[in-house]
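Colleague: Before I use any of the labels attached to this structure, I would like to hear the reasoning behind them. Could you take me through the assignments one at a time?

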Amino acid sequence: MSKHLNQEKREYVLSKQLLRSGTAIGALVRESEYAESNADFVHKMAIALKEANETLYWLELLPIRKLY
């Protein structure tokens with residue numbers, strides 16, 4: 001989606017933010033698998049949840065018609 005937005009729709013800011021926040025979710029969840037403590041695990045998952053919320057925000061800014 002980010003590539004499509006960037007190359008086809010010339011939507012540079014939203015595509016960059018969407019890519020950054022969207023990929024951060026998976027990275028944080030993967031990192032939480034090797035958390036040093038339960039508190040560290042909860043902290044990493046909380047940050048992943050914040051990134052998911054941010055990703056949703058960027059998606060909500062995209063009008064549906066821009067995707068086609």
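Modeller: Glu51 is a good place to begin, with the reminder that this is a predicted model; Glu51 has a relative accessible area of 14%, and because buried means under 20%, Glu51 is called buried.

Colleague: Where is Glu51 placed, and what is Glu51 in contact with once its neighbours within four places in sequence are left aside?

Modeller: The place of Glu51 is in helix H3, and, with those neighbours left aside, Glu51 is in contact with Arg20, Ser21, Ala24, Ile25 and Leu28.

Colleague: What makes the meeting of Glu51 and Arg20 a salt bridge?

Modeller: The N to O separation between the two side chains is 3.4 Å, and since a salt bridge asks for a side-chain nitrogen of Lys or Arg within 4 Å of a carboxyl oxygen of Asp or Glu, the pair of Glu51 and Arg20 qualifies. Glu51 lies in helix H3 and Arg20 in helix H2, so this pair ties together parts that are 31 residues apart in sequence.

Colleague: Why is the side-chain pair of Glu51 and Arg20 also listed as a polar contact?

Modeller: The distance given for that contact is 3.4 Å, and because the limit for a polar contact is a pair of N or O atoms within 3.5 Å, the side chains of Glu51 and Arg20 meet this criterion as well.

Colleague: Why is Arg20 called partly exposed?

Modeller: Arg20 has a relative accessible area of 38%, and because partly exposed lies between the limits of under 20% for buried and over 50% for exposed, Arg20 is assigned to that class.

Colleague: How many salt bridges does a search of the whole structure find?

Modeller: The search finds five, and one of them joins Arg30 and Glu33, with an N to O distance of 3.9 Å, which is accepted because the cut-off is 4 Å. Arg30 has 57% relative accessibility and Glu33 has a relative accessible area of 51%, so, with exposed meaning over 50%, Arg30 counts as exposed and Glu33 is exposed too.

Colleague: What is the distance between the closest N and O atoms of Lys44 and Asp40, and are these residues buried or exposed?

Modeller: The closest N and O atoms of Lys44 and Asp40 are 2.9 Å apart, in a salt bridge, and both residues are buried. Lys44 and Asp40 are four residues apart in helix H3, which means that about one helical turn separates them. Elsewhere, salt bridges that share partners join Arg20, Glu51 and Glu54 into one network.

Colleague: Which residues make the nonpolar surface patch, and where does its largest share come from?

Modeller: Val29, Phe41, Val42 and Met45 make a patch of about 300 Å², and its largest share, three residues, comes from helix H3, residues 38-61.

Colleague: How do you know that Phe41 and Val29 are partly exposed?

Modeller: Phe41, which lies in helix H3, has 37% relative accessibility, while Val29, whose place is in helix H2, residues 12-32, has a relative accessible area of 31%; because buried means under 20% and exposed over 50%, Phe41 counts as partly exposed and Val29 is partly exposed as well. Leaving aside its neighbours within four places in sequence, Val29 is in contact with Met45 and Ala48.

Conventions: Residues numbered from 1 in each chain as written. Predicted model: local features only at pLDDT ≥ 70, side-chain atom pairs only at ≥ 80, totals over all residues. Heavy atoms only, no water. Patch = residues over 30% accessible without salt bridge, like charges linked within 9 Å, V, L, I, M, F, W, Y side chains within 5 Å. Areas by Shrake-Rupley, 256 points an atom, 1.4 Å probe, with all protein chains shown as cover. Helix = DSSP H or I, 4+ residues; strand = E, 2+ residues; numbered from the N terminus. Buried < 20%, exposed > 50% of the residue type's maximum accessible area, 1.4 Å probe, protein only. Contact = heavy atoms within 4.5 Å. Polar contact = N/O pair within 3.5 Å; in protein donor to acceptor, adjacent residues only side chain to side chain.
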